[in-house]
Amino acid sequence: MPQANDSINAPFYLSGLARLDQTIQREIDAGHIPGATLLLERGGVVAHEKAYGRQSPDSTTPMATDTIFRIYSMTKPIVSVAIMMLAEQGRLLISDPVSRYFPELARLQVATEHLAADGSRSLTLAPCTREMTIQDLLRHTAGLTYGIFGESTLVKQAYLDSGIEGRQITNAGLVDCLSRLPLAFQPGSNWDYSRATDLLGALLEKISGQSLDVHLQEQIFAPLQMPDTGFWVAADQQHRMAQPFPIDPVTQQAVRLLDGRSRPEFLSGGGGLLSTARDYLRFARLLRNGGELDGVRLLSRKTIAFMTSDHLAGIPGATSGAAYLPGAGYGFGLGFAVRNTVGGAPTPGSVGDFLWSGLAGTYFWIDPQEDLIAIWLMQAPEQRDRFRQLVRNLVHASLT
């Protein structure tokens with residue numbers, strides 16, 4: 001039952017928010033994270049905006065609600081929106097083969113790994129039964145992978161050996177590397193978290209004739225009034241950047257994040273942006289409002305609905321296994337995990353809620369049924385899985 005100080009018409013129980021704040025502060029006091037920022041909007045109103053702890057573990061500067069964070073893969077939904085904007089302008093079809101724009105990707109081969117009796121591993125290569133499409137890139141069914149995530153395979157080792165995982169590559173170099181690497185599976189047959197959205201960033205550059213930073217600034221950040229979002233932070237604003245513990249206090253693993261203080265060689269469409277809670281709220285509101293914000297329309301209502309629908313239906317086995325990051329209860333749309341069932345997942349939610357997260361611990365979700373936007377930002381990659389569940393549980397427990 002709500003306590004006496006809880007308004008029955010408020011979007012959150014005050015007692016629930018107090019418990020949430022106390023729990024996060026307890027985690028900070030225990031030395032698990034330096035600090036974090038949380039922003040909750042319900043019914044179009046910011047109902048809770050809180051900065052916890054310190055901006056940097058070696059400073060007394062308190063965390064602020066305008067602190068800048070490396071958001072890593074929360075870049076992916078933004079780049080996916082930029083791609084769908086081109087689709088609405090008639091400049092591409094998401095059914096187009098990627099080789100229409102990058103001919104060097106036309107004859108990729110698919111690797112199958114074999115384990116011999118002596119424990120040695122080898123690869124055999126076979127032609128693709130069909131080419132990867134832009135839709136495959138948007139939903140991570142292109143046959144691409146990451147070398148740095150998931151259980152090691154010979155294909156993932158080939159990624160590591162190629163240098164594609166380095167920060168000195170360019171988007172043109174990314175395409176060249178991918179043209180010489182085998183696919184992990186046949187396009188359209190499985191889901192695997194991958195370099196697909198980085199390739200979408202390269203595609204944006206190819207079609208627009210602009211570098212990715214300029215294109216996103218002109219097409220999304222400026223129209224949505226997101227002044228603190230970009231691939232690096234200007235010198236006079238770097239005092240606002242959140243910093244991690246150099247060694248994670250729980251796992252004792254070294255923490256190495258993007259520098260973020262100068263223009264990178266690689267403008268990563270899959271994970272290169274920095275942003276603030278308020279900036280990302282602007283983007284999230286666009287999604288929640290069906291493609292429009294404050295009189296600025298970037299996408300149609302139907303396109304947003306299309307993007308936030310499950311695009312893995314009909315691909316047997318795509319959502320099974322430990323490597324399926326959205327997890328139980330979720331499918332995947334065009335840039336987002338999309339909830340299919342109330343049960344199954346380890347956290348509460350609603351059918352139709354959609355979300356994504358970032359390597360350094362950032363996380364957002366949008367629940368249209370509850371008219372809820374939640375944005376959690378921290379810089380603690382080794383703690384990201386636990387805090388995603390913890391924060392989500394506490395937020396849902398606070399809903400009136």
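Buried means under 20% relative accessible area, exposed means over 50%, and partly exposed is anything in between, with a 1.4 Å probe and protein chains only. This is a predicted model, where local features need pLDDT of at least 70 and side-chain atom pairs count only at pLDDT 80 or more, while totals for chains, interfaces and linings use all residues. Residues are numbered from 1 along each chain as its sequence is written, and side-chain values use heavy atoms, with hydrogens and water left out.

**Exercise 1. Place L293 and work out its surroundings.**

Step 1: find the element. L293 lies in strand 7, residues 292–293; strands here are DSSP runs of E with at least two residues, helices are runs of H or I with at least four, and both are numbered from the N terminus.

Step 2: check the accessibility. L293 comes out at 4% relative accessibility, so it counts as buried.

Step 3: list the contacts, meaning heavy atoms within 4.5 Å. Skip the neighbours within four places in sequence, and L293 is left touching L224, R282, R285 and L286.

Step 4: take one C-alpha distance. L224 is 69 residues from L293 in sequence, and 7.2 Å from it in space.

**Exercise 2. Do the same for E292, then follow the chain of contacts to R297.**

Step 1: E292 also sits in strand 7. Its relative accessible area is 22%, so E292 is partly exposed.

Step 2: with neighbours up to four places away set aside, E292 contacts R285, L286 and R297. From E292 to L224, 68 residues along the chain, the C-alpha separation is 9.3 Å.

Step 3: now hop to R297, which belongs to strand 8 (residues 296–297). Under that sequence filter, R297 is in contact with G290, G291 and E292.

Step 4: for a far-off reference point, try K76. R297 and K76 are 221 residues apart in sequence, with 20 Å between their C-alpha atoms.

**Exercise 3. Which two residues other than glycine have a positive phi near 60° or about 65°, and is each one buried or exposed?**

Step 1: recall the background. Most residues other than glycine have a negative phi.

Step 2: take H140. Its phi is near 60°, and H140 is in the loop between helix 3 (134–139) and helix 4 (154–162). At 2% relative accessibility, H140 is buried.

Step 3: take Q252. The phi of Q252 is about 65°, and Q252 is in the loop between helix 7 (212–221) and strand 6 (273–275). Here the relative accessibility is 54%, so Q252 counts as exposed.

**Exercise 4. Describe the largest nonpolar core.**

Step 1: pin down the term. A nonpolar core is a set of buried Ala, Val, Leu, Ile, Met, Phe, Trp, Tyr and Cys residues joined through side-chain atoms within 4.5 Å.

Step 2: the largest one has 113 residues, and L144, L199, L216, I220 and W376 touch the most other members. Helix 2 (residues 75–88) is the top contributor to this core, giving 8 residues.

Step 3: zoom in on I220. Ignoring residues up to four places away in sequence, I220 touches I78, V81, A82, M85, H215, M226 and L298.

Step 4: look for a separate core. There is another one of 5 residues lying apart from the largest, including Y72, V255, L258 and A360.

**Exercise 5. Sum up the overall fold in numbers.**

Step 1: count the elements. The protein has 10 helices and 13 strands.

Step 2: test the packing with the globule rule, 2.2 Å times the number of residues to the power 0.38, using a radius of gyration over C-alpha atoms. The radius of gyration is 21 Å and the rule gives 21 Å for 400 residues, so the protein is as compact as a globular protein of that length.

Step 3: get the extents. The C-alpha trace spans about 65 × 50 × 45 Å along its principal axes.

Step 4: look at burial and long-range contacts. Of the 400 residues, 54% count as buried. Among contacts with a separation of 6 or more, 67% come from residues 24 or more positions apart.

**Exercise 6. Is Q168 buried or exposed?**

Step 1: locate Q168. This residue is in the loop between helix 4 and helix 5 (171–179).

Step 2: apply the cut-off. Q168 has 65% relative accessibility, so Q168 counts as exposed.
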